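Please open the model in your viewer and keep the selection panel at hand, since each stop on this tour begins with something to select.

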Amino acid sequence: MVAKPLGQKGSLADASGPIIQTHNLTKIYHTGSEELVAVNNISLTVGRGEFVALMGPSGSGKSTFMNMMGCLDRPTSGSYLLDGRDVSRLTKDELADVRNKFIGFVFQGFNLLSRTTAQENVELPLLYAAIGAEERTRRAHAALSAVGLADRAHHRPNELSGGQQQRVAIARALVNDPLLILADEPTGNLDSRSSSDIMSLFTQLNAQRGITIVVVTHDPGVAATARRVVSFHDGSIVEDSPHSSPVHSGAAP
Amino acid sequence: MSIGALFRIAWDALARNAGRSLLTMLGIIIGVAAVITALAIGAGVRAAVAAQLQGLGSNLVIVVPGSTTTGGVALGAGARESLKLDDATAIAHLIPGVAGVSPQSGTSAQVVAGNANWATSVSGVSSDWPRVQNWTLAQGRFFTPDEQRDAGKVAVLGSTVAANLFPSGNAIGAVIVAKRVPFTVIGVLKAKGQSGFGRDQDDQVVIPITSLQTRITGNNWLNSIVISATSTDIVDSVVAATTRLLRLRHHLTPNQPDDFSVRNISNVQQAFTQTSQIMSLLLASIATISLIVGGIGIMNIMLVSVTERTREIGIRLAVGAHARHILTQFLIEALTLSCIGGVIGIALGVVASLLASSVGGWNILVAPSAVLLSFCFSALVGIIFGYYPARRAALLDPIDALRHE
């Protein structure tokens, strides 16, 4: 099944291979005798360097789909190739390694460790990748600089504004140099000004570093930042529309 | 993830709830402190008693009046009068392998010397006594067999008595009066100190047994006869022969029980060892219970901690932590909690032991093995009782954990 090893992260040498390729991906939850089909036979391909927004009402299955793409959850059936490798049947620990090396997460509620400095929060994925202290410090500092928070490295989350906290979370998502950043309602807890800051940061990361970005959102304004909008309803994709510009434009540095 | 980093995370988490952590540790602290104190005092007493028993020598046989079932059973009338001086003399002459025999009796008396006086015990013994009981003289001499035979009015003072009656030190040749009988002081014993049971062995006046019986008490009973065998190997045969001889002398028919009992020091040592083993066992079980209670406290608070920090666990899992990373993190937290508790408990126990020794005047002995054992046991408690909460944390689903409010 392994078409090619994961690991050429961020490389644009092989731009033809998609980052995300799902085939008939299905997730069914069993609650007592009831069966709930949260995600129904979704086949979706996201190319390298794309910036995609997933939209849809609550319960439309977009978050469940997102969790499977993020290797936080396994599908009931169907396959999921991440950068060409089937990750739909990996063990929990193997999934943890995939998340650690190839995927960055950004959440609505920031999900930073409280009482832990920005620097330490950003270092967290590196800690589980068994990277040495010096290297951790260097890379966390670089990631914080990339989001414009180098001077806030030793502040704790409660000493930072919402927009700053979300930027720390983005730095944490960036620190392992991922193939893919998954953001779940990243601007849901932010005012409009911080929201546009965060979205332009995503745009910049997508354009300058070629990182593939998938954002789940309710906000049409946020979705408008993306180059492609995929709409969900009742566990299925009902619309898949590219925005004005071509998919790969701006992916090259 | 390095162990050092894990300990730092554990420390941070515990320090965040310092008050709660301390209360959680209290069970372990009290348990370990109690164990250390009890073991220290127990070991101190044991060492003192063992040293004294050792000093008595393992070749000694002790005959006391009364049956062997003195514990609980009423003594027959006159049971304490069953040993006589003649019994001691017979043992000395008739039983082979006897190196020395010291019959003993005693009374308490107010002893007067000039204008000083002192309440002490007056012991009547034989001239073999220093050899049998391992006493040496600091000054002067002990009485002779002739002085014993003639019920001589001579006395040898224990060092405590000598110090109190003759503070200036010139006791030899002085006259002391006990129960209106004057005795000439011919010697002073070298100090032996307290016995393991807290009695001052130097607080006595020693006179010939014959003098005690004829001049002071007026009876011929003995409190005990101490026999020293020529070697440890023949102690058992001396015990058997003494029993046979005394039964014969006391005209006991085969179905009558002994009206005396014969023990050797190794019996006493065995009995003592057994008692102290039972005591240790009792201590160990109490310690185990208190440490288990402490462990349950740790488990309880770790479960609370896992619930409170579900979201943190979710974040860690999302960014790539394996189940075993989470398991190790919480196990180390529980381990840190119980080990710090153990160390504080050990410190507290040592302080309490020192206090007991300085205030209560008890012998104490804080054995390194007891400290090590307590520490290992508290670490073990942390691992055992930390495992269940840590496993619960490790088995959390990352999505559920992240959604946790």
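## A tour by selection

Begin by selecting chain A, in which buried residues make up 48% of the 253 residues. Bear in mind throughout that this is a predicted model. With chain A coloured by secondary structure, you should find seven helices and 11 strands. If you then turn to a contact map of chain A and keep pairs with a separation of 6 or more, residues 24 or more positions apart account for 71% of those contacts.

Next, stay in chain A and select strands S7, S8, S9, S4, S10 and S11, which in that order form an open sheet of six strands with mixed pairing. The edges of this sheet are S7 (103–106) and S11 (236–242) of chain A, each of which pairs on one side only. Looking across the sheet, you will see neighbouring strands turned against each other by 15 degrees on average, when direction is ignored. As background to this view, strands of a sheet pair through backbone hydrogen bonds, either parallel or antiparallel.

For a detail of the pairing, narrow the selection to residues 180–184 and 212–216 of chain A, which are strands S8 and S9; the two run parallel and are joined by five bridges. Within this pair, centre the view on Leu180(A), which has Thr212(A) of S9(A) opposite.

Now move to chain B and select helix H3 (residues 85–94) together with helix H8 (residues 235–249), whose axes come within 11 Å and cross at roughly 135 degrees. How are H3(B) and H8(B) oriented to each other? At that crossing angle they are therefore oblique, and H3(B) passes H8(B) in a right-handed crossing. To see where the helices touch, show the side chains of Asp87(B), Ala90(B), Ile91(B) and Leu94(B) from H3(B), which meet Thr242(B), Leu245(B), Leu246(B) and Arg249(B) from H8(B). Sorted by class, this helix contact has five nonpolar, one polar and two charged residues.

Finally, display both chains and select the contact between them, to which chain A contributes 20 residues and chain B contributes 17 residues. On the side of chain B that touches chain A, at least two residues come from each of helices H1 (3–16), H10 (310–318), H11 (323–359) and H13 (398–403) of chain B. Which helix gives the most to this side of chain B? It is H10(B), with five residues. Colouring this side of chain B by residue class divides it into 11 nonpolar, three polar and three charged residues.

How values were computed. Residues are numbered from 1 along each chain as its sequence is written. Chains are lettered from A and ligands numbered from 1 in the order in which they are written. This is a predicted model: local features need pLDDT of at least 70, side-chain atom pairs count only at pLDDT 80 or more; totals for chains, interfaces and linings use all residues. Two residues are in contact if their C-beta atoms, placed from the backbone, lie within 7 Å. Helices (H or I, at least four residues) and strands (E, at least two) are DSSP runs, numbered from the N terminus. Ala, Val, Leu, Ile, Met, Phe, Trp, Tyr, Cys and Pro count as nonpolar, Asp, Glu, Lys and Arg as charged, and the others, Gly among them, as polar. A residue is buried if 20 or more other C-beta atoms lie within 10 Å of its own, exposed if 12 or fewer, and partly exposed in between; C-beta atoms are placed from the backbone. Two strands pair if DSSP finds at least two bridges between them. Axes are lines fitted to C-alpha atoms, for helices over the stretch in contact, and angles run from 0 to 180 degrees between N-to-C directions. Angles under 35 degrees count as roughly parallel, over 145 as roughly antiparallel, 65 to 115 as roughly perpendicular and the rest as oblique. A crossing is left-handed if the near helix is turned anticlockwise from the far one by less than a right angle, and right-handed if clockwise.
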